[in-house]
Each structure stands twice: as structure tokens, then as C-alpha cells.
Amino acid sequence: MARPDPHKTEIHPERTLFQWLALVVAAVALLALVGVGAVWGYGYAKVWRAHVLTDEAKDLLGRNKTEEGESKLMAAYTLEPYDTEVLRALAAHDLSMGNGHALNFYRMLLALPQATREDQREALRAFLSFGDLKSAEELAQGLIAKAPEAEDYALQAQIYWRARAEPQAISFMRQALALDAKNRANQLLLARMLSLTPDDRQRAEGLSLLRELAGTKDQEGLEAMEIMARIPTLDTASQQETLKQLRQHPLLDDDGRFAAWELEKHLGERDTATIMREALESFKSTNDLTRKAAAARWLYNQGQPELALELATPSESLANQALFLVRMDALAFLKNWPEVEKELSDNAPLSRTIIFLYRARAAQELGDPARSAMAWDRARAAATTEPGMLPYLGQYALKIGQFDEAKKTYTQMAHIQQQALEGYTALLQVETKHGTSAEILETLREMMMDLPMEPEPKNDWAYLNLLLNTNVDEAWKTAQSLVQANPQILAYRTTLALGYLRKNDPAGAGKVYDGLQIDWTTASTSAKLIYVVVLDANGKKDQAAAFIQTLDRSQLRAEESALLDSYSTGT
């Protein structure tokens, strides 16, 4: 048998093919593993880097390095815009600065599956602080529905309090304390509420609880004395004793000092100018710009913009956003618009959006509407790259009466997919008060096209058309389809009833309400109006005349008033 030549390669075609196939498969698998690992590793690295940037931002912000801290926060957001830690930090910072776009970061956070119950509470507190009671109430209902704790009842109580529903607020605070009787923060909150009610017995209970809390040397004791210092109905002897104890409290902080100066001002035993000057001098030498900003804001709120400016100096304001904002507010209050415009340089410690916004306001006040309009456009352009700033621009425009700029801002929001519903809703609210019916109909038409799954725009479009007696057939058919899909919603039945009236079928309008158990005490003014008209159209004059007494005519649109006036009960 011939031996194989060691220097010669023996070729077996069938084996070579299988070997190559195996090699290729192994290589592909290895590449896939490396690719998956690389993708996973890159994703992990991004999250890790975003968290590092967030921690660094918190440290910088804690040391009053606002510009650097905000820069790192935005860098973290750019890397991981849907990370819970990043969103929590952004929301908390903006909330601390009083920026309304904190609410948008909280909304983004709550949309994530990793959002916690405490995230919901923090968001609720933020909505409360900015007066968004509707959003706060939605969150509170969810918390109360699932194993509510004392803090959840306390938050619901605060919503009721802000809505001026004092009895319900106090009731929920008592429920909170029933679950946690030793919670001194909630005891303090209940005491505050009771002390401000018109009921003498409840005020006495509140004051008694405040005195009890004030007897301790802890933080709640200090806050109890601060509340007492601001109760104007407290007798003079009690006010004097409160002032003395407040200033001797071992934990006395700046809020306590402010309360003491306010009480001293109220007592009138020293000249107000002397008290305010003393407060100013107490903070002039501090290097803590956060404290200085709080004092400047307090002086401004006390009607002392000139003194606030002595704390919010040009040089120090450039190093602290809160201090800079007080300076801008004080200059604006004093109508010193040339100085406002001068100091709004690119180095101002504000976002680009806010700089352009303030420039727009200054130009308007200086009588240059063209330059103001240009600055508004630049503010909106900048806002597209700064999360949450478009809603803030819209709110600011409304606040200063720039309704056209508000419309432009909300229109821009409406054309951004993630903000479409919020933008359209806000735009409609502005147009309802400061627009025309034609504008509203056009906006509703666009909203129906962009948000086809939302039923409310369809109902609003149909209702307004029927009020105006235009597009009656199409509006009536829209109302029919809405009622068929959602028979339990009174607003849709109201529109359908109006459609029957426009088609000269009052009996059909009356049948819309057959079999319904309606709580008219909670119904909208529009729903009540159409029901009155339907009663009248069906010859039920006495019922209509009685029901009309429940109408608040000041809440009616012009078209609704005209409709009411066209029937005998409305004349």
C-alpha cells in the first residue's frame, strides 16, 4: 500500500464542502454574537454615561453652577431621553427653578413602565404647584384607587384645597391622619387648613393644633410658628409672643426670618422701610447666591423692587439663574426696558428660548413690534430643541396678552406629533376667547384629520356647526355616530339633540334623553342650555322656565345666547 505523501495535500471534495459550510456558519454566529454584544455594550455605555452626566449635573447645580449643571443635564437627556433617572433630574431641577416645562418631563416620566408610585406623587405635587388641578386630580384618582396610603389622601386634600373645596380637603386630611396619626407634616397641613377656614370652631381647632406643634423645637414646630406669624386675625399679644419665639427658635431659617419680618411689618411697631432695609443688609454679604436669590424674590414680593435689585446685582445675577430672573422681573416692574434689553446678552444664564422671549417682550414695550415679532419667531425656533418650552411660551404669551403669538405657538405644537393633542387643546382654548368661529372650525377640522381616533374634536366640530346652523346634515350624522359608539356621554347626546332641532324635529330631540338618569348639577352649561331649548320646543314651557334658572348665562357662547333668545323662555 502506498504511503501518503506528507508534502502533498489530499483533496476530498465532499469533506471540503462540509468543512467550509461549518466554518461559514461558525463565523456568522460569531459575528452575530459580537454584533449583539456590541449593540448591547453600546446601549449600556450610553445609559451609564447619561447617569454619570446626571450625577455630575446634580453636583454642579447643588454648588450653584447652574449653567454647567444644565448643560450636563441636557447632554444626559440627548443621550437617553427616556431614562427614568435623567427625567427625574430634569423635572426636579426645572421645578426648583419654577419652569413650567418641568410638567412635560414628569409626563414623559410617568409614561415609562419603570415609573414608580413616588414618581406619581412627585408629578402630582408639581402639577399642584403650577395650578394644573386637572392633571393632579387624574393622578390622585389613580393613587386613591390602588391601596391608598396617608400621603395619597393628603395629596388629594391639597387638590381640594386649591379648588376651594375646603370641607372635602379637611375631610381627606383627617383620613390621612387616621392612617398615620403621628405624621407631623400632615398634622401641620391640617392645622394650616383649619386656621384659614371661615368657621370659628374650625379656626380655633387649627390654632390649638398649631400651638401644640409650635411647642416643639423641630422643623414642624418652626413651620407652625411661621404659619401663626402669617395669620392676620391672631390677637396682638399672640402675634408678639409668636414673633419672640420665632426669632429664638434653634432651627430658624430664612423662611422663618421672612415670616418674622412680615409679622413685624404687620404689627407696625417699626417703620416698614427700616424693616426692609434690615432684611436687605442681612443678605448683602452672603456668598450663597441661592439664599441671596430667595431674599431678592421675597423683597420683590413685598413690593420692594429697588431693594431686590441691590441684591440681584448685574455681576452676581450672571452667575445664578434664579437671581437673574428676579433682576429681570424687578427691572420690568420698574419699566426699565432699555436695561432689560441690554442685559439679555448671549451670556445671560437662561435658555435660548427664554432669552429670545424676554427680548420679544422688551422690544414690544419699547414700541418696536417688528423686532418683537422676530424675537418671538426665534424663541419658537429655539423651543423646538428645548423639551417642554413650547407650552411655556404659549402660557407666557397669554399672560402678557399676546394672543396671536400664543396661537402661533400652540399651532406649532399641534404640528408636532408628540404634542399634537396638547397643542390643539390649548389653541382651541385661546381661539374660544380671542378668536372667531371660523378659526375654531378650521382648527377642529385639522384636529379631526391629525387625530382621527379622538372623538371630542368631532363632537365639538358638529356642535359648533349646528349652533351656527351650517353643515347641518354632516354635523347631525357625526353626532349620530358618536352617540351610537358612546351612548353614555351626555355631551354627544346634547349635540345630537341640537341636530334634531336644526332639522325641525323637536320630538326627535326630546327622545334623545329618553331613559337617561342625568345628574344636572354636574352637567355643563351647554348641556343645560340645549335641554332647556328642547323642553321649550316640545311645549314644556313651565319645565323649561324652571330649568333655565339653573343656567349661568355668563358661561354661554354668543351663539348659544342667540339660540336661547330665539325661544320664548329666553326672551
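Is T286 buried or exposed? Select T286 and keep that question in mind as the tour begins. One thing to know before you click around: this is a predicted model.

**Stop 1: T286**

T286 sits in the loop that links helix 14 (272-284) with helix 15 (289-301). Its relative accessible area is 14%, and because the cut-off for buried is under 20%, T286 counts as buried. Now show the side chain of T286 together with D288: the T286 side chain reaches the backbone nitrogen of D288 at 3.1 Å. Add R291 and K292 to your selection as well, since T286 touches both of them, leaving out residues up to four places away in sequence.

**Stop 2: two loop residues with positive phi**

Next, select R164, in the loop between helix 7 (150-162) and helix 8 (166-179). Its phi is near 65°, a positive value in a residue other than glycine. Turn on the surface here: R164 counts as exposed, with 70% relative accessibility.

Then go to K335, which you will find in the loop between helix 18 (321-333) and helix 19 (337-343). K335 also has a positive phi without being glycine, with a value near 60°. With a relative accessible area of 57%, K335 is exposed.

**Stop 3: helix 9 and helix 10**

Time to look at helices in pairs. Two packed helices are described by the angle between their axes and the distance between the axes.

Select residues 184-195 for helix 9 and residues 200-214 for helix 10; their axes cross at roughly 145° and come within 7 Å. The crossing of helix 9 and helix 10 is left-handed. To see the contact, show R184, Q187, L188, A191, L194 and S195 from helix 9, along with Q202, R203, E205, G206, L209, L210 and L213 from helix 10. Colour them by class and you should find six nonpolar, four polar and three charged residues.

**Stop 4: helix 22 and helix 23**

Move on to helix 22 (residues 389-399) and helix 23 (residues 403-414), whose axes lie 8 Å apart at an angle of about 160°. That angle makes helix 22 roughly antiparallel to helix 23. Helix 22 and helix 23 make a left-handed crossing.

Which residues of helix 22 meet helix 23? On the helix 22 side they are L390, P391, L393, G394, Q395, A397 and L398, and they meet F403, E405, A406, T409, Y410, Q412 and M413 in helix 23. Sorted by class, this contact has nine nonpolar, four polar and one charged residues.

**Stop 5: helix 26 and helix 27**

Now select residues 455-468 for helix 26 and residues 472-485 for helix 27: the axes come within 9 Å and cross at roughly 140°. Helix 26 and helix 27 are therefore oblique to each other. Their crossing is left-handed. Show P455, K458, N459, W461, A462, N465 and L466 of helix 26, which meet V472, E474, A475, T478 and L482 of helix 27. By class, that contact has seven nonpolar, three polar and two charged residues.

**Stop 6: L496**

Keep L466 in view and add L496, a residue of helix 28 (residues 490-502). L496 and L466 are 30 residues apart in sequence, and their C-alpha atoms are 9.4 Å apart in space. Is L496 buried or exposed? L496 is buried, with a relative accessible area of 8%. To finish, display W476, A479, Q480, V483 and V512, the residues in contact with L496 once its neighbours within four places in sequence are set aside.

Notes. Residues are numbered from 1 along each chain as its sequence is written. This is a predicted model: local features need pLDDT of at least 70, side-chain atom pairs count only at pLDDT 80 or more; totals for chains, interfaces and linings use all residues. Side-chain values use heavy atoms; hydrogens and water are left out. Axes are lines fitted to C-alpha atoms, for helices over the stretch in contact, and angles run from 0 to 180 degrees between N-to-C directions. Helices (H or I, at least four residues) and strands (E, at least two) are DSSP runs, numbered from the N terminus. Angles under 35 degrees count as roughly parallel, over 145 as roughly antiparallel, 65 to 115 as roughly perpendicular and the rest as oblique. A crossing is left-handed if the near helix is turned anticlockwise from the far one by less than a right angle, and right-handed if clockwise. Contact means heavy atoms within 4.5 Å. Ala, Val, Leu, Ile, Met, Phe, Trp, Tyr, Cys and Pro count as nonpolar, Asp, Glu, Lys and Arg as charged, and the others, Gly among them, as polar. Buried means under 20% relative accessible area, exposed over 50%, partly exposed in between (1.4 Å probe, protein chains only). A polar contact is a pair of N or O atoms within 3.5 Å; within protein, one must be able to donate a hydrogen and the other to accept it, and residues adjacent in sequence count only if both atoms are side-chain atoms.
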